[in-house]
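Please open the structure in your viewer and keep the selection tool at hand. The tour below moves from one selection to the next and says what is found at each stop.

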Amino acid sequence: MGDSAEQPKGQEDEEISFDFSKVKGFFSKMKEKAASPKETTDKSAYGKHQKIHHDSNIAGQQDDESVAIDPATFTKAKKLFANHWKLLLVLIPIIVTLYVRDQAPALTITDEWARNSANNYYQNQIANQIRQQYPNLPDNNLKPLIEKQFKDFLSQNKENVNAQAKELSQGYKEYFRYESGSSKYTYIGDIDSYYWLRFARNVVDKGTVCDAVEDGICYDTYTLAPLKRRMFPNIHPYAIAWFYKIVKVFRPDFTLMQAEIRVPTLYAVIVAILVFLMMLRAFGPLAALFSSVLISVSPIFLTRSLGSDTDVYNVFFPVLIIFFLFEAFNAETTKKKAIFSTLTGISMGVYSLAWVGWWYLFDFGVIAIVGDFGLKAAKAWRKDPSFKLGLFLKGDAGKHMLALLIPLVVSAFLAVGMISGFSSLKVIYEEPFAFTKAKAASNRNLFPNVKTTVAEFNEASINVIIGQMGGKWIFFFTLFGIIILIYRDMKTIFRHPVSFFLSALAVFILVSYLQNINPILFLGIFAIPFLIGVYFSFNSEQEQDIKLPILFFLWIASSIYASTKGVRFTLLLVPPIAIGIGITIGFFHEILTNIIKSTFKLNKTLVFGLLFILLSYPLVAHVKSGINVGKGYLPSVNDQWWDTLTKIKDNSKPDAIINSWWDFGHWFKYIADRRVTLDGSSQNNPPLHWLGKILLTSNEREAVGMLRMVDCGSNNAFLEINKKINHTPSSIKILNKILVLGPEDAKKTLLENNFSGEEADAILKASHCEAPENFFITSEDMIGKGGVWAHFGSWNFDRSWLESAYRNSRNELEFSEGVSKYYNYTPETISSYYSEIKNLKGDRAINEWIAPWPSFMAGEQKCRNQSSLVTCEFQNLKIDVNLTTMDATLQTPQGTKRFNRFSWTTPDGLATKRYREDTIGAGMLLLITSDGYYSLIMAPELVNSMFTRLFYLNGHGIRYFDRFDDSQGFSNFQIRVWKVSWKGNKQPIIVPRYNVTNPYFEGENVAVV
């Protein structure tokens, strides 16, 4: 410590003491939302007596009887273990899988939260006491002193602190759990799981997933209200329902939601077993152990399947299919090959019930079988110029090929056809080419394409993919596995060292130094070592089987390519990554085993143990990572959401519709049991634009008009108009005009636009009907999503049409002629548009050109005021608001600037000024409240938006929305629910906080500068 600093005297002898009765209230407040945990049942004296009596009986038996072990039995057991110890290793991945996946439903993360909260509380108390005793102590000296006294405090009060942390953790857990009978279960965590959960509930209640069946067609009537949507079969709801019915017999409190949580775990355990058995047979116990554990703890696999979406099937079925193909390829007789090949085809048929992408494994299996046969035929033709393919087909190679190919094709076609429909078989040849198409900013109907903004559809670079898979060494060992599959053993490698070395070097350079190149070029270079291996096989005098190398190469190459088209497809890489590493581990295990055995003369089992210990460090690190992923998977649904949506269910008519941004639509449907306009399965539909515009518009009547339209007929009003107009931008303009009008005026406007009375009535039926009850939800998460919903809400259909016209034109002249049919633009303007669009690179640039991305920039922040001057801050800039003139200015390095839009609260709503010169491209809302002045900074378009007025201002000045429910939950998360008043209220909502008059301002409430 410095000489000038005040030193605490006698600090070694001083202790920090606490009265725990005083701090108990602190932790009680932190868990006030949670119900009090039930007291554990005390052990009675009778129970203790029973235990003592039982123990004494055991002791008596041990005294009176001697246990004799038959030597022959011991020998048999020893021999049995020696012969099957490798199979027993499968218990390790099973236990790891169960343990890692139990972290989420057990909410073990709350223990860490509680421990940190308790520690932080006591550390702050200690720090405050020390600061009081030594106010001049520098921070550098304060920190170690706090740490020491806190450590001493914990050692003396460990029991009390642990008790407080345990109580707090239980409080956290209660917030994310629900009761069923005498049991408590954790809410399922993600969004899409509730989509399948609702259908599983239908299966249990009705015996079918369908909400309605008409003319033999199954419909979902909740997803795209008020329309119905055709449903196609999927295995997942039935798996959940069956599992629920089985377990329910033994556990009466078991719930359907709990069944859904456990179904992915069941699949994950089967995956671990299948991978283990497949790798054990082909590459040894260490390979089996590594592959099965790695796939079980893969962060991507866990993240995508700890919930209960269908992602788990994109690991389960590929593993099952590859397992059967392994068995078919390695079977010694044609009969066994045919049996396992048939099982492969049937598995593909069932896979088609889970995902349309089942075709890729079918195609790869066929290519591997035919390619291997083709190589064998080419080698035979090279050796014998009189080679005849017909005779070769009748030989062993041909019989084996046909025993694999014919059962695979026939069983797959029949299984897919009978399960998913024979029309779905066309994906086998259509999808490989369709998959390469890039996403467009807008759909064919010129409405926005939501997939360009959904995170899981974002394109990923090779560098990102390698990082997500665990880094370059993981990736290298995976690709190295393909080389090992070709060369098989060290004897072959020693006979062909040059080709083996060049292949390994190419893979190393590719992974280490070429991560940032174009994906197609990356895959082209990746093909080089594979082609070298194929060339080696062609020239080898030995009989080479390259079915597995072909299959594995295509599997991993296609998965890499798919991942570059959307990060969601990185899940497809998980099985080949785990298997590829296992192949490499098995290869090195065999080499090291032979070296150690010959050098040290050790038992093979002992060598395995030593090598497992030696190589287990990275495996342990992966397991820890998996545990952390499991811990971090916290339910998004909690008591707050459940109570809010249940209130809607209990206080609404069965045909009511819930509107909000689409993300949580599946929750609304399942918990509230009410229809929605859009959800995660239907978000790429035209109502996406209307929902965004409802939130964005500052015109309350327009917002209600759009809500009525989507509740009456979704987007059908536009379709009816566009039947006649046949030009999307023009149709949108007409629709926007009538949405703010009553039925009579709307019809008059349509007639003036040359619609017949019959046509006008059809449009109004879809836009101005007697709408059902509507509940509109605004929640805190929508602040961060503002840029997205505001982007789609401000969609410029003229620009969308122009961009589409550019894509469909062969040259500028053709573009100009097409534009001139609909727009009175000058040739110079058309040429300018052509140049602008031509220079747009990628979806993001096109999206930005069509519509902006207005966002919220800063939340509510307190301002300082002196008389008529209010001073706020934003990004280190000072904002001065003159309350007399209601003029807001910013002092920037470029001089005094203004907001594009500046609004402030008045006793009955909002007032606004707009600025067109010396602006900064942002907007500000000044909250004049009973407790001072506050600023909200955002894009200008959002300042007076319906979302801002409903969420931030709690409906102040609003006439068409009635407050239904307002809640504040975990971390102060806010949900505001509104019931739409279709006719509007005579008096607006007046929020007391904003019912404040500015005493300094005497001008007009609304002005344009």
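Before the first stop, one cut-off is needed: a residue counts as buried under 20% relative accessible area, as exposed over 50%, and as partly exposed in between. Keep in mind throughout that this is a predicted model.

**Stop one: a nonpolar patch**

Select Ile406, which lies in helix α18, residues 396-420. Its relative accessible area is 47%, and because this value falls between the two cut-offs, Ile406 is partly exposed. Now add Leu402, Val410, Leu414, Met418, Ile419 and Phe422 to the selection, since together with Ile406 these residues make a nonpolar surface patch of about 640 Å².

**Stop two: a helix with a bend**

Move on to helix α27 by selecting residues 604-632, a run of 29 residues that reaches 41 Å from its first C-alpha to its last, close to the 42 Å expected at 1.5 Å a residue. Where along α27 should you look for the bend? Centre the view on Ser616, where the helix bends by about 50°, and then find the proline that follows within four residues, Pro618. If you colour the buried residues of α27, you will mark Val607, Phe608, Leu611, Ser616, Leu619, Val623, Gly626, Ile627 and Gly630, so that the residue at the bend, Ser616, is itself part of the buried set.

**Stop three: an open sheet**

Next, show the five strands that form an open sheet in the order β7-β6-β8-β20-β19, in which the pairing is mixed. The edge strands are β7 (675-676) and β19, each of which pairs on one side only.

Select β20, residues 974-980, which is mostly covered, with five of its seven residues buried. On one side, strand β8 (residues 774-779) runs antiparallel to β20 and is joined to it by five bridges. Two of the bridge partners can be picked out here: Ser779 is matched with Ile975 of β20, and Ile777 is matched with Val977 of β20. Strand β19, residues 961-968, also pairs with β20 in the antiparallel sense, over seven bridges. Select Asp965 as well, and you will find that its bridge partner in β20 is Val977, the residue that is also the partner of Ile777. To see how β19 leads into β20, follow the chain through the five residues between them, which complete a hairpin, and pause in the turn at Ser971, where phi is positive, at about 55°.

**Stop four: salt bridges**

A search of the whole structure finds 34 salt bridges, and a few of them are worth selecting one by one.

Begin with Lys693 and Glu702, whose side chains meet in a salt bridge at 3.6 Å, N to O. Are these two residues buried or exposed? Lys693 is buried, with a relative accessible area of 15%, and Glu702 is buried as well, at 14%.

Then select Lys723 and Glu720, which form a salt bridge with their closest N and O atoms 3.4 Å apart. Both belong to helix α32 (residues 716-725), and because they are three residues apart in that helix, about one helical turn separates them. Lys723 is exposed, with a relative accessible area of 64%, whereas Glu720 is partly exposed, at 26%.

For the next pair, select Asp798 and Lys733, whose side chains meet in a salt bridge of 2.9 Å, N to O. This pair links distant parts of the chain, with Asp798 in helix α38 (residues 797-807) and Lys733 in helix α33 (residues 728-739), 65 residues apart. Asp798 counts as buried at 18% relative accessibility, while Lys733 is partly exposed, with a relative accessible area of 43%.

Finish this stop by selecting Asp372, Lys376, Asp545 and Lys547 together, for these residues are linked in a network of salt bridges.

**Stop five: a strand residue and its distance to another**

Lastly, select Ile217, whose place is in strand β4, residues 217-224. Ile217 counts as partly exposed, at 23% relative accessibility. Add Met231 and draw a distance between the two C-alpha atoms: Ile217 and Met231 are 14 residues apart along the chain, and their C-alpha atoms are separated by 8.0 Å.

Key. Residues are numbered from 1 along each chain as its sequence is written. This is a predicted model: local features need pLDDT of at least 70, side-chain atom pairs count only at pLDDT 80 or more; totals for chains, interfaces and linings use all residues. Side-chain values use heavy atoms; hydrogens and water are left out. Buried means under 20% relative accessible area, exposed over 50%, partly exposed in between (1.4 Å probe, protein chains only). Two strands pair if DSSP finds at least two bridges between them. Patches are made of residues with over 30% relative accessible area and no salt bridge: like charges are joined within 9 Å, nonpolar side chains (Val, Leu, Ile, Met, Phe, Trp, Tyr) within 5 Å. Accessible areas come from the Shrake-Rupley method with a 1.4 Å probe; for residues, only the protein chains shown count as cover. A salt bridge is a side-chain nitrogen of Lys or Arg within 4 Å of a carboxyl oxygen of Asp or Glu. The expected span of a helix is 1.5 Å times one less than its number of residues. The bend at a residue is the angle between axes fitted to the seven residues ending there and the seven starting there.
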